[in-house]
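Below are some remarks for a colleague who is about to look through this model. They are set out as numbered points, to be read beside the sequence and the coordinates.

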Amino acid sequence: MKIHLKELKNGLNHLNFREAPEDLELKLPVGKFYSKVALRLTVQKTGYSLHSQGEIKTSFMLECSRCLTEYRQPIEAEIGFILELDGEKAGMDTSDDDYNF
């Protein structure tokens, strides 16, 4: 998943991604992924500031330790972060800056 900062407009930006876990180089210590990783993100861009909130969802298959039956375990997580760009450096060519999540 890449967010291209140059494509974000000032104001509210709604982003949705759906990626295969192996494309994100995710690995589980036990079990296996059952579904793709979905990210829903809202980014408020104001000048040199990016305020982000969203959620990540996926599910994976695990094995019950008592009966050895496989079962699907969904997982969800709320995320939030703030990126503050340096105003002095913002005049430099940052058009190719990408952030991997």
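**Notes on the predicted model**

1. In this predicted model, a salt bridge joins Glu55 to Arg40, with 3.5 Å between the closest N and O atoms. Because Glu55 belongs to strand E5 and Arg40 to strand E4 (residues 37-46), the pair ties together parts that are 15 residues apart in sequence. The two partners fall into separate accessibility classes: Glu55 is buried, with a relative accessible area of 15%, while Arg40, at 38%, counts as partly exposed.

2. Glu55 also meets the side chain of Lys57 in a salt bridge, for which the N to O distance is 3.7 Å. Lys57 counts as partly exposed, its relative accessibility being 36%. Arg40, Glu55 and Lys57 are thus to be read together, as they are linked in a network of salt bridges, and a search of the whole structure finds 2 salt bridges.

3. How many aromatic pairs does a search of the whole structure find? The search returns 1 aromatic pair, formed by Phe33 and Phe60 in an edge-to-face arrangement, with 6.4 Å from centre to centre and 80° between the planes. Since Phe33 lies in strand E3 and Phe60 in strand E5, this pair ties together parts that are 27 residues apart in sequence. Phe60 is buried, at a relative accessible area of 14%, whereas Phe33 is partly exposed, at 25%. The centre distance deserves a careful reading, because the cut-off for a pair is 6.5 Å.

4. Ser59 is a residue of strand E5, which covers residues 49-63. Is Ser59 buried or exposed? With a relative accessibility of 1%, Ser59 counts as buried, the class being assigned because the value is under 20%. The side chain of Ser59 makes a polar contact of 3.0 Å with the side chain of Ser35. Leaving aside residues up to four places away in sequence, Ser59 touches Phe33, Tyr34 and Ser35, as well as Arg72, Gln73, Pro74 and Ile75. Phe33, listed here as a neighbour of Ser59, is also the partner of Phe60 in the aromatic pair.

5. Two backbone angles merit a look by eye. Phi of Glu25 is near 60°, a positive value in a residue other than glycine, and phi of Leu68, near 65°, is likewise positive in a residue other than glycine. Most residues other than glycine have a negative phi. Glu25 is found in the loop between strand E2 (11-19) and strand E3 (32-33), and Leu68 in the loop between E5 and strand E6 (70-84). Both side chains can be checked for surroundings as well: Glu25 counts as exposed at 67% relative accessibility, and Leu68 counts as exposed at 56%.

6. A final point concerns confidence. The protein chain averages a pLDDT of 84, and 85% of the residues score at least 70. Which element has the lowest mean pLDDT, and which the highest? Strand E7 (residues 98-100) has the lowest, at 56, and E4 the highest, at 94. Where pLDDT is low, the predicted coordinates should not be read in detail. Arg40, the partner of Glu55 in a salt bridge, lies in E4.

Note on methods
Residues numbered from 1 in each chain as written. Heavy atoms only, no water. Helix = DSSP H or I, 4+ residues; strand = E, 2+ residues; numbered from the N terminus. Buried < 20%, exposed > 50% of the residue type's maximum accessible area, 1.4 Å probe, protein only. Polar contact = N/O pair within 3.5 Å; in protein donor to acceptor, adjacent residues only side chain to side chain. Contact = heavy atoms within 4.5 Å. Salt bridge = Lys/Arg side-chain N within 4 Å of Asp/Glu carboxyl O. pLDDT = per-residue confidence, 0-100. Phe/Tyr/Trp six-rings, centres within 6.5 Å; stacked < 30°, edge-to-face > 60°.
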